[in-house]
Amino acid sequence: MYIYTIGGVDLGYSTVVDKLKKISCVISVEINDDGTYGDICIEAANDLYLASVNVKREDFVPGRTYDCYIPATRNFEALCYRCVEEDRMIHSYMNVEQYHAWMETYMLPLQSDEEGKSYILFSYDMKAKVDAEKLSDLSPDIAVKVIQIAVKLRETDDFQLAMDSIISNIRINCEANRCCILLTDFENDSCSVLCENVSEAESGIPNVTSYIEDGLFEVVKTWDELIAGSNCYIIHDAEELKLLEAKNKPWYDSLILAGVYSLVIYPLKANGETIGYIWATNFNSENTLNIKAILEIMSFILASEISNHQLFEKTKMLSATDLLTGLYNRNAMNNRITNIVSGHEDVGEKYGIVFADLNGLKEVNDTKGHIAGDNLLKSAASILLDVFLDSEIYRVGGDEFLIIVTNHTEDDFNTLVSSLRTACDNSSKVKLAIGTWYGDKSFDIRTAMHLADERMYADKEAYYKRHPELKYRGKKV
């Protein structure tokens with residue numbers, strides 16, 4: 001199709017878009033002599049398109065740059081350029097944050113008789129909720145790759161092992177030098193690496209964890225702004241990377257230092273929140289459209305999978321954690337003991353048991369209130385954590401604690417117990433009755449716990465004999 005004008009008024013493209021029943025416009029792309037693109041303009045638009053961008057017909061001026069009507073995004077510009085440069089139709093389905101909707105787009109190159117200017121028919125449809133069929137509508141080769149990657153999620157029950165395998169496959173399919181999934185915690189201003197995979201070409205470059213220690217999260221907090229309502233952020237080459245310098249020079253400098261010349265970042269969103277990002281560096285920019293197709297659907301799948309895993313881990317943690325002290329709770333202790341007795345878990349060749357009971361808790365609750373009693377329990381837990389850094393510590397009752405000490409010699413164990421007694425002697429508030437046992441794994445752990453418990457009560461009785469003014473509650477049943 002050619003452009004036809006009378007008195008400077010375009011009759012060709014306007015006629016085309018006006019007859020389309022979907023949101024449509026015609027876009028022109030200026031092609032510079034060096035092969036790069038210049039202005040991208042809206043040349044014609046139907047009423048549906050103008051309504052979708054909240055522009056009145058009388059306010060629309062054909063030939064203005066597209067950013068007069070919609071926010072400018074590098075991703076949109078790159079798609080327009082690839083459509084005309086590669087002379088190919090582009091179909092995509094993506095989550096567009098700025099519209100809070102899923103958008104299915106079509107770009108179709110049009111014939112033009114103008115030197116240095118190409119044209120595109122652009123049409124799209126938007127829905128508030130994702131359409132699973134459209135999301136999975138991939139070319140056969142991309143579909144095979146996505147399925148192969150997704151299957152990795154079910155090859156093992158080990159979540160971390162599955163993620164490590166998936167990120168390796170994604171990197172290979174993106175022909176990238178490095179690929180990573182970064183988890184974010186905006187509430188606590190922190191991030192962590194879930195998994196990372198690098199090619200041999202970058203084996204000597206520091207891993208992402210080292211950049212976290214250097215303040216990477218301050219950069220991560222700017223990524224939503226860079227994505228700017230789109231569904232991803234892409235730097236195709238060194239020229240586009242240079243544009244980042246004006247927006248975020250510290251990050252630009254770090255990318256240059258790491259030898260990065262191309263970059264793609266997709267947010268992982270679940271329940272309306274960003275829970276992380278998947279990104280790849282130094283990828284094959286000639287294969288950008290396929291890379292986008294892979295990452296678009298994998299970011300959708302992985303966001304759901306990671307969110308479910310985080311919820312499961314949080315539920316598991318809450319079921320095994322004493323919420324007041326942060327220690328393991330009685331339920332966790334029972335599961336641990338059951339697994340040791342059944343042989344499903346090992347306690348080591350040698351191990352030790354410590355029972356500790358907080359003296360005077362009832363008196364504090366009765367005279368000073370339960371808030372003071374809770375603070376006393378937290379102080380006791382803090383001392384136990386300081387002494388038994390690498391041991392399992394459980395709050396197994398109102399004022400009772402159990403510690404399982406593994407991978408320590410008997411002398412080391414006795415030194416730890418001595419340190420605990422010294423800490424209690426030096427504390428003005430925390431006084432613990434302590435009972436212990438140490439031996440090898442041939443001894444039934446339930447019997448070991450019983451012996452340590454008996455010795456703890458003997459220690460408690462001795463304490464109250466030294467302090468007869470305190471009420472003695474006697475041995476628990």
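**Figure 1. Strands β4 and β5 meet in an antiparallel pairing.** In this predicted model, strand β4 covers residues 37-45 and pairs with β5 over two bridges. Look for Cys 41, which stands opposite Thr 65 of β5.

**Figure 2. Six strands line up in an open sheet.** Reading across, the order is β5-β4-β3-β8-β7-β6, and the pairing is antiparallel. Which strands stand at the edges? They are β5 (64-65) and β6 (90-96); each has a single partner strand, so one side of each is left without a neighbour in the sheet. As a reminder for this view, strands of a sheet pair through backbone hydrogen bonds, either parallel or antiparallel.

**Figure 3. A nonpolar patch lies on the surface.** Three residues make up this patch: Met 89, Tyr 106 and Leu 108. Together they offer about 280 Å² of accessible area. Leu 108 belongs to strand β7, which takes in residues 101-110. Is Leu 108 buried or partly exposed? Its relative accessibility is 36%, and therefore Leu 108 counts as partly exposed.

**Figure 4. Strand β16 is mostly covered.** This strand comprises residues 400-406, and seven of its seven residues are buried. Follow the side chains and you will find Glu 400, Leu 402, Ile 404 and Thr 406 pointing one way, while Phe 401, Ile 403 and Val 405 point the other way. The residues on both of these sides are buried.

**Figure 5. Strand β16 has antiparallel bridges to β14 and to β15.** With β14 (residues 350-358), there are seven bridges; here Tyr 351 has Thr 406 of β16 as its bridge partner. With β15 (residues 392-395), there are four bridges, and Arg 395 is matched with Phe 401 of β16. The link from β15 to β16 is a hairpin, made through four residues.

**Figure 6. Stepping back, the close-ups can be placed in the chain, which has 17 helices and 17 strands.** The C-alpha trace spans about 110 × 50 × 40 Å along its principal axes. What is the radius of gyration of the chain? It is 32 Å, whereas a compact globule of 477 residues would have one near 23 Å. Of the 477 residues, 47% count as buried. The accessible surface comes to about 24500 Å², and carbon and sulfur atoms account for 51% of that surface. Among contacts between residues at least 6 apart in sequence, 61% join residues at least 24 apart.

Technical notes. Residues are numbered from 1 along each chain as its sequence is written. This is a predicted model: local features need pLDDT of at least 70, side-chain atom pairs count only at pLDDT 80 or more; totals for chains, interfaces and linings use all residues. Side-chain values use heavy atoms; hydrogens and water are left out. Patches are made of residues with over 30% relative accessible area and no salt bridge: like charges are joined within 9 Å, nonpolar side chains (Val, Leu, Ile, Met, Phe, Trp, Tyr) within 5 Å. Accessible areas come from the Shrake-Rupley method with a 1.4 Å probe; for residues, only the protein chains shown count as cover. A salt bridge is a side-chain nitrogen of Lys or Arg within 4 Å of a carboxyl oxygen of Asp or Glu. Buried means under 20% relative accessible area, exposed over 50%, partly exposed in between (1.4 Å probe, protein chains only). The radius of gyration is taken over C-alpha atoms; the globule rule is 2.2 Å times the number of residues to the power 0.38. Contact means heavy atoms within 4.5 Å. Two strands pair if DSSP finds at least two bridges between them.
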